Amino acid sequence: MRKIVFFLMIAMAGAFQVSAETLKFSPLPMESPNTVASQWRPLLDYLALELGVTIEIDYSESNEQIIDKFKAGKIDLAYLGPLPYVTLKKTFSAAQPVVVFNEKNGGPFYTCALAVLDESAFNAKSIKNRTIALTQPMSTCGYFGTQEILHKLGSSLEVNRYRYLGQHDEVALGVVRGEFDAGGLKTAIARKYAHLGLIVKAESSPMPGLALVANINRVSAERIGKIRNALLAVKEEMRQKWGENLRNGVVPIKDSDYDVMRNLPTVDHIPTQGNF
Amino acid sequence: MRLACAMFFFGIWLLSLALIYRHGEGVQKERLNDNGHVLSVIYQASVNMYALSTEILIKDVIQKNEVIETIANGVLGKDEKARGALYRMLAPAYEHLKQQGVNQLHFHTADGYSYLRFHAPDKFGDPLFDTRPTIRLANTQKRSTFGFEVGKVASGFRYVYPLFRGKQHLGSVETGVTFRSISQSMAKVAPDREYLLILRKDVVNRSLFPEQRPLYGVSPLHDSFLLEDPELKLPSSPQPLSERVQALNARLREDPRVQNGLPAGKPFSLGINNDDSYWAVSFMPVNNPFGENLAYIVSYTQAPFLADLRRELWWTLFLASLALWSLFLITLRLLNSHVKLLEEKQRLVVITDIITDGICLMDLQGKIIETNPAFSKILGYSRDEIIGEIGHNFFHYHEDKTFFQDQGCPILSAIKNGRIYSGEELFKTKEGRIITVEVTCNPLSKETDLNGALVAFRDVTVRNNNQNALEKANHAMAMAIEQANFEREKTLSILETMADGISIQDPELRVIYQNAAHRNRLGEHLGELCYQAYQKRPDVCPDCHLVQSFADGQVHIRETTASPAGELRHFQIVSTPLFDSSGKLIAGIESVRDITERIRAEEILRHKTSELEQANFELEAFNYSLSHDLRSHLARITLAGESLQELEGDSLGERSKYSLETILGSCQKMEDLIATMLTLAHISRQELELQDINLSILAEDICSEFIKAEPERMLNIKISPEIHVNGDTHMIRVALQNLLGNACKYTRGKENALISVSASRQDGRMVVAIADNGAGFDMAEAEKLFRPFHRLSSSRKFPGFGIGLATVERIIKRHGGEIWAEAVPGEGATFYFTLPG
């Protein structure tokens, strides 16, 4: 009986090894799938060449979907913000951050923004019963980040009306279209729509940057090391061909770097639905 | 021939198969092209549908004043918030468009920069003219344009309209439809088809934002073409192709028609069999407004008609092969018959060609259809100039009518009536010669219909001429025979009257004729062998003269004796061979003459001659003795006279002195005469000592003595060198001294005395000639020239005894030679003599 169990384990391990030859990668659905795919493809091709594997994109529509797939062992690698990672890590310890991507400003941190169309019409005193567009519950700049900003402005989501729209650009365009009074989204993305009149009203505290997270149940430590080394050692010339959010370099990251997030009270109390 | 036929049919078969196959391929190609045309129509309908949606948008929404004003404020830089305002204004319409499948809505400035992308609002301000021809056209030519383009974000079918505020050109607006939308529309029209869009790699690479390029992968059909979103992970990606079509693509990638067709940018369709299913695959090029090929829409549809066409093609090929090879077998049989016919015809041609009779084939009107070589040879007309002509007009000559008149012509009549005609006619050759011919005319019929005649003729002119000549020859021969008989009778009469006996024997020595004299002398022996009849011998006579004549063809004469009547008689028998005109020996004539009387007369003559020779010999001996005796007495008289002259000369009177000198002179002459006579006698008696003599040297020696003796004379002497004779040197010297001495003597008085000695060889002998230009003599006295002591009248004025030439003649004759002379009085003489060379 013990021998049978042993052979089954060996066979399963072999099956995992075989499946790991094609790595499944899930990008963060921050922007449109076309944009996401076009930004990630050069980097993934580089990694595939370095590792000698094939890397497929598994596009998910929400962070929750990614987390579910990750837990279900359908994803080997994922591009996650700090909130989804912390959330994932709480229930799935096999998630391991590999590197964090620097932002355009050069550091491995980013901020969330509260974006409005008419700055004068959205002052702190009036932040009440306003319609606010959010990305996703598990998005860092969704409920989590926006709540922090509103707290800074002396308000909260609860005294306003908020709704999850999904992607950051949807949030930005929703505000531009005038469908919402404000929107919570990643600051860098909000600034991309400035030409449409979108204004960053306020920013959150810096958050750990977006990280590449590996499923150590499916990816060996050796391969994770290779991925990290490959991304750290990539030449500048090559890196400039990558997507706009990915070409600024990476730095190593460890799970403890997310402790600052874990200590925030809202982390565990994020509503999954909007309030209107 | 059969091999050539087989090869010809094989070639025709192959050609037919090729043509049928080509036709089948053509039909298939036509059907496939129809498939391509259907694709084109479907595509056009789909594209037009979206164009209609865009036009509605333009008219109903965008061309509203407030929208145009907002655009104007934005693109003209009057209002920074106009872009956002425009986005807000048109967002609902854009949503509506997206629901209809129109994915892109894009505004551009008049100078070709992106103003607002509804499908990518974060991207703006980039130049478009270089990569977007439709936008350039719309803004530069200010007209709406349509076309497929590979944009900076994605490829699509673009509808671009210029925007105006009044007459002010503000820029342009476009809508874009992805292939997914187009293919969905097309699928609604033709649900049995699947579609694929492939893009030219070079166009994609030059157009896209760099970050968009990774969304494209190598197309499954060709390396030079890309496939948008090959993993079909994007929401805008079209429906994935079925597994059967994907398997088909693997085949098409190896297909040279695809590999060569796609880069050409032309529409094409092809049929392909995969997994027992026939598919029609059409490739429709998609071009930008400038005609540049950017992409292909590939349509896949199952095509059972291809299987039907294929089956129909194989059946056609089979039936065509069957029909053709059946035709081949029939042709082969016909060919065999034709070959036999040709061989038969060839044999006939050979026969007619070698026949010396002229042959011509005529139709019922007498027109010549064919001739043989002998025809042209006899009549002189070549085949080309006579074929198709009425033969009668050309060569039939009616002796008693005009040449061209055909009325009553027996040949034409026979031809027209289908009768056989045979007879002699006159034909006229091309040169105008009239010849007699034997003509045979045989009618020719095809089945029961008379359709011409075969006319054969033979030139009998020569034969007739020969016949005439033969008759003349016979007549002449009869005359000749008559003449010969006459001559024969005459000859026989002569022979019969001849005193000589004549007997004629054939080559077997059988007596075939005897004349009367012979019969009288030896009896009649006709038919008997001559040696048995005449010599009573059983065998041929050993020395038979007639046999010798038969052997050498010469006349043989023999004398013999016989005693036919107890009296010895002498006969001369002359045997003569007799030949016919061809030289063949046919007989021998034996002539027998009785020469008994002649023999007796000759016997008496020989006896008399002998007596005379004896008397001459004795006379010469006497003469010699007498000369010697006279010479001794004369010597005493001369000695006594000279003593008297020496002792008493001075005392003698004049008369005595004269008498004494006369005595001494006469003695001297007597001495000379006696010496000459002794020489003559000596010559006659002396034995000959023959040896080779150089006559030239001997003559020069003798002449030099004469010149010394008469130095005052101008003698011109020419002696040919190296004249050699065989003789007695002493005697020949005496002879030359006499002849040359005479030449010197008889040229005295000539101012230019010429003497020559020459020789020539004739019949093995040397003929020596000694010539001078002296006094000569009359040839009438030539016979007296060599008589001793006889002097010619012309020589009497010169000294001499007349014994010299007699001596010369005797010397020459003793050498077996001859001597003779030729002369002209006053001009000179030439003496010839012969000696053994």
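# Disulfide, cores and interface in a predicted two-chain model

Modeller: In this predicted model, chain B has a mean pLDDT (the predictor's confidence in each residue, from 0 to 100) of 86, and 97% of its residues reach 70 or more. The model scores ipTM 0.80 and pTM 0.50. Local features need pLDDT of at least 70 and side-chain atom pairs count only at pLDDT 80 or more, whereas totals for chains, interfaces and linings use all residues. Residues are numbered from 1 along each chain as its sequence is written, chains are lettered from A and ligands numbered from 1 in the order in which they are written, and side-chain values use heavy atoms, without hydrogens and water.

Biologist: How do you know that A:Cys112 and A:Cys141 form a disulfide?

Modeller: A disulfide is a pair of cysteine sulfur atoms within 2.5 Å. The sulfur atoms of A:Cys112 and A:Cys141 are 1.9 Å apart, so the pair meets that cut-off. The structure holds 1 disulfide over all chains.

Biologist: What parts of chain A does the pair tie together?

Modeller: A:Cys112 lies in strand β6 (residues 112-116) and A:Cys141 in helix α5 (residues 140-152), so the bond joins parts that are 29 residues apart in sequence. Helices (H or I, at least four residues) and strands (E, at least two) are DSSP runs, numbered from the N terminus. Chain A has 10 helices and 13 strands.

Biologist: Why is the disulfide of A:Cys112 and A:Cys141 called left-handed?

Modeller: The torsion about its S-S bond is about -80°, so the disulfide is left-handed.

Biologist: What makes A:Cys112 count as buried?

Modeller: Buried means under 20% relative accessible area, exposed over 50%, partly exposed in between (1.4 Å probe, protein chains only). A:Cys112 has 0%, so A:Cys112 is buried. A:Cys141, at 1%, also counts as buried. Of the 276 residues of chain A, 57% are buried.

Biologist: Why is B:Cys530 not bonded to B:Cys544?

Modeller: The closest cysteine sulfur to that of B:Cys530 is in B:Cys544, 5.6 Å away, which is too far for a bond. B:Cys530 is buried, with a relative accessible area of 7%.

Biologist: What is in contact with B:Thr371, residues up to four places away in sequence not counted?

Modeller: Contact means heavy atoms within 4.5 Å. On that basis B:Thr371 touches B:Ile359, B:Cys360, B:Arg383, B:Ile386 and B:Ile387. B:Thr371 is in strand β13 (residues 368-371) of chain B and is buried, at 11% relative accessible area. One of its partners, B:Cys360, is buried at 1%.

Biologist: Which residues have the most contacts inside the largest nonpolar core?

Modeller: They are A:Trp40, B:Ile62, B:Phe107, B:Phe157 and B:Ile297, in a core of 144 residues. A nonpolar core is a set of buried Ala, Val, Leu, Ile, Met, Phe, Trp, Tyr and Cys residues joined through side-chain atoms within 4.5 Å. Apart from the largest core lies another, of 43 residues, including B:Leu715 and B:Phe831.

Biologist: How many residues does each chain bring to the contact between chain B and chain A?

Modeller: Chain B gives 19 residues and chain A gives 17. The chains bury about 1,800 Å² between them, 62% of it on carbon and sulfur atoms. Buried area is the accessible area (1.4 Å probe) that two parts lose on being put together, summed over both. In chain B, B:Tyr87, B:Arg88 and B:Asp122 lose the most area to chain A, together 27% of what that side buries.
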